[in-house]
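Subject: Structure for you to look over

Dear colleague,

I am passing on the structure we spoke of, and would be grateful if you could read the notes below with the model open beside them.

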Amino acid sequence: MFTTGAESLLRQAREIRDEELGKFCARVCALLRKEDWGADALDALRRLFLIVSATKYNRRLEEPCVALLKTALCSPTCPEQLQLLCAAVLREMSPSDSLSLSCDHIQNTRQLGLVASVLLAQGDRQQIRSLGQRVLGVLESRQPEGPSPRHVLPVVSKVTSLAPDALREEQTRALSKRLGDWLRYASVQQAVTHSSGGFFSTPRARQLGPVTEVDGAVATDFFTVLSTGQRFTEDQWLNVQAFSMLRAWLLDSGPEGSSAADADDKSELEGSTLSVLSATSTASHLLPPQEWLREKAFEYCQRLLEQSNRRALRKADSDLQKACLVEAVLVLDVLCRQDPSFLYRTLSCLKPLHTRLRGDPAWVRALLPVAQFFLHHGEAAAVDAEAVYQHLFTRIPADHFHSPMLAFEFIQFCRDSLPLFGRNLGVLRTSFPNLFKFLAWNSPPLTSDFVALLPSLVDAGTAVEMLHLLLDLPCLTAALDLQLRSLQASSERPPWDVSIRAPGCLEAFRDSQVQGLFQHLLRAQASGTAERLTPLYRLLQPLAGCARVVQCAEAVPTLLRAFFSAVTQFADGALASQLALLLLERSDSLYQVPGYEASVHRVLSSQFPALCKLHPPLVVEQAKELLEFVGGPRGGGHMLTSVVWAIGEYLSVSWDRRCTVEQINNFFEALEALLFEVTRSRPSTALPQCPPQVITVLMTTLTKLASRSQDLIPRVSLLLSKMRNLAQSPATGSMPSEEDVGAVRTRATELLNLLKMPSVAQFVFTPSVEVSEPRYHRDTNTALPLVLRTVSRLVEREAGLLPG
């Protein structure tokens, strides 16, 4: 969150025009040209960086300005702070064809690191390879008292990730050996400090003593990133740098192809003998460089696991413990995948670690890499990892859904681990109610992740229950909000808290009569049942306007589309019928968030015809429920329009041999009554105004049904004539727009003309299955609108030759 002052500066930087930027660049050029490295130049470069970085698109700087920035960056006399800003401005301009830099003659490693950052941002692979050779040359030629290599180590890591072939094999081996040395053999003494010694005495060097652990104890083992002190030596800084790039280096320089992919298979074959061999391994100084690095990395991670068990004296050190533990487990995972001989030694560390982490909520984020490790290696090591997953998916989302960072990492873990779940995928699928708590509370940032995850979460057994929960997602957000509020004392809640103004919400949450509904909504696993939550909607209505609830409601349509896209890939007729009935049932049973019902109806109305297309007989099978829907109380027109269209399209013997004339007549009477109701010249004030789409679809469906039961043709012809006359009447109260009136009149005329030739009407409205193939619908020459227009013109011209 930016302060008001910062937001004002950003807005000014974004709004600055090109001519103003040109004038400002001229001022910067004047300062750089004079080599005025003072406060004015520093302030000007800061402002320039803000301007070029505040927008998503690249700002164009004049060539003289770019040239002076490059000169200052490469100048041996330019202060470090100014060079840092010059490099930042040039990186914001990258990639750019007009930007060319060379690092061949730079000896200062700090300056080399800054120039390298610009070259890496350019992204030219050939340039990156040259840069890699230059940096390796500096590292290889470094003398003990020479410049520090720690400023260029991050460059090496980035080079190997962008261009894996940039380093030769012997260079990779040499750097691996040095990384292992830096990890294991850094000094355990703090750096020497120099005091002035006063006016009459010479400066004195003072040794601060050994480094300490995070709990204040004197370190008795080798130095790591978790060792603390007042001042660090150069090799201690290299130790920290080496650990920060260790995992990326192992992945980029480790075994390739089959050797890495077959690591689990090898570990399964080698069995427990590996642990014996590793315990009695050859002296480490005889190991090849890559194996040497892995051995030292393993020792380092073991040491971090031990240090993470200490009680830190400062919060910053406690946060660092958690971050280092996560990284250590991830490095151990890589080591075991590259060399299975580490597997059994690692398991002896991670089993007690997992037990410890489960009992401490403060370390919950560290459980994710542990679970990932068991996903990778549990089967090979004959470890039953199901208990790990059960705890992970049962307790963590329920207790920590309100942590945004954990929510993001948890869902990323689920996405990344999908190929590894195997037979444990069922645990993930049955835990979707818990996962949806993350989504309900953090819907804006997690919506795209859940869209990608939904196809793996849904199956035939959970589809119906998942659809209910998706539709109730805003209600779940309100319930979670209330759950958190119930844990706070009244004095701790801010004055704008809705629950203070509506204490009935909190009282209802504790009411035994609705406890069952709350427990169902907040369940941890799929129950296989669905509950009508209408009482909860009323109780939670005061929370419907909360920003978090409204944000969640806005995400539901996107999630519904992703859900149906996944379900239609595997749904059979029975599931399609279940889902279609659910849409009818839930269309008038939704949590009343502003704008929510209308947006959901738009999605459901588009999905109902898709389900009917997937299983056309469902219209005949669910005839009773469909009749109740069109004859009962209705909300908006979207859902009604799609249901009426589906009835006209699929209530036919060509789709289901069980379709009878009696069913057609029953639907005709119900839809006829509905059409009269929605087109009364003096509509009821209690009913919403009917959209013209509903009227035209009703007329078309009635005509389709009449074409399948010839006895109904006179009846529908009379009805259509009345509709045409009604549309021409100035007293039409249900259609205020002249355009709407014209659409209804045109459709009534077309349908009347078509009914004058019953055989043509039957062909148009009830085509054979062959004619209904998709290719005909794509062919504009056989599309229904063209047929209707052609027949209408034919009837109008030859009216004298037609009967009646």
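A residue is called buried when its relative accessible area is under 20%, exposed when that area is over 50%, and partly exposed in between, as judged with a 1.4 Å probe and protein chains only. Helices (H or I, at least four residues) and strands (E, at least two) are DSSP runs, numbered from the N terminus. Please keep in mind that this is a predicted model, in which local features need pLDDT of at least 70 and side-chain atom pairs count only at pLDDT 80 or more, while totals for chains, interfaces and linings use all residues. Residues are numbered from 1 along each chain as its sequence is written, and side-chain values use heavy atoms, with hydrogens and water left out.

To begin with the whole, the protein has 41 helices and two strands, and 49% of its 804 residues count as buried. If contact is taken as heavy atoms within 4.5 Å, then among the contacts with a separation of 6 or more, 74% are between residues 24 or more positions apart.

Helix α21, residues 432-441, is mostly covered, with 10 of its 10 residues buried; these are F432, P433, N434, L435, F436, K437, F438, L439, A440 and W441. One of them, F436, also stands out in the largest nonpolar core, where, of 239 residues, L48 and F436 touch the most other members. The largest share of this core, 12 residues, comes from helix α29, residues 547-567. A nonpolar core here is a set of buried Ala, Val, Leu, Ile, Met, Phe, Trp, Tyr and Cys residues joined through side-chain atoms within 4.5 Å. Not counting residues up to four places away in sequence, F436 touches F450, L454, L457, M466, L469, L470, L473 and L476.

W441, at the end of the list of buried α21 residues, is touched by D481, which also touches C546 when residues up to four places away in sequence are not counted. D481 is found in helix α24, residues 473-486, and counts as buried because its relative accessibility is 11%.

L614, in helix α31 (residues 596-614), counts as partly exposed because its relative accessibility is 36%. Leaving aside neighbours within four places in sequence, L614 is in contact with T568, A571 and A576; the C-alpha atoms of L614 and A576 are separated by 7.2 Å, although these residues are 38 apart along the chain.

As for internal spaces, a cavity is a set of points, on a 1 Å grid over the protein atoms alone, where a 1.4 Å probe fits but cannot get out, and its lining residues have an atom within 4 Å of a point. A search of the whole structure finds two cavities of 30 Å³ or more, and the second largest has a volume of about 70 Å³. Its lining is made up of E465, H468, L469, D472, H520, L521, R523, T529, A530, E531 and L533. Helix α23 (463-471) and helix α27 (512-521) each supply at least two of these residues, with α23 giving the most, three.

Lastly, a cis peptide bond, with omega about -5°, joins S94 and P95, and P95 lies in the loop between α5 (80-93) and α6 (109-122).

With best wishes

Methods:
1 Å grid on protein atoms, 1.4 Å probe; cavity = no way out; pocket = protein on both sides within 12 Å on 5 of 7 lines; lining within 4 Å. Points joined across faces, edges and corners; volume = space filled by probe spheres on them.
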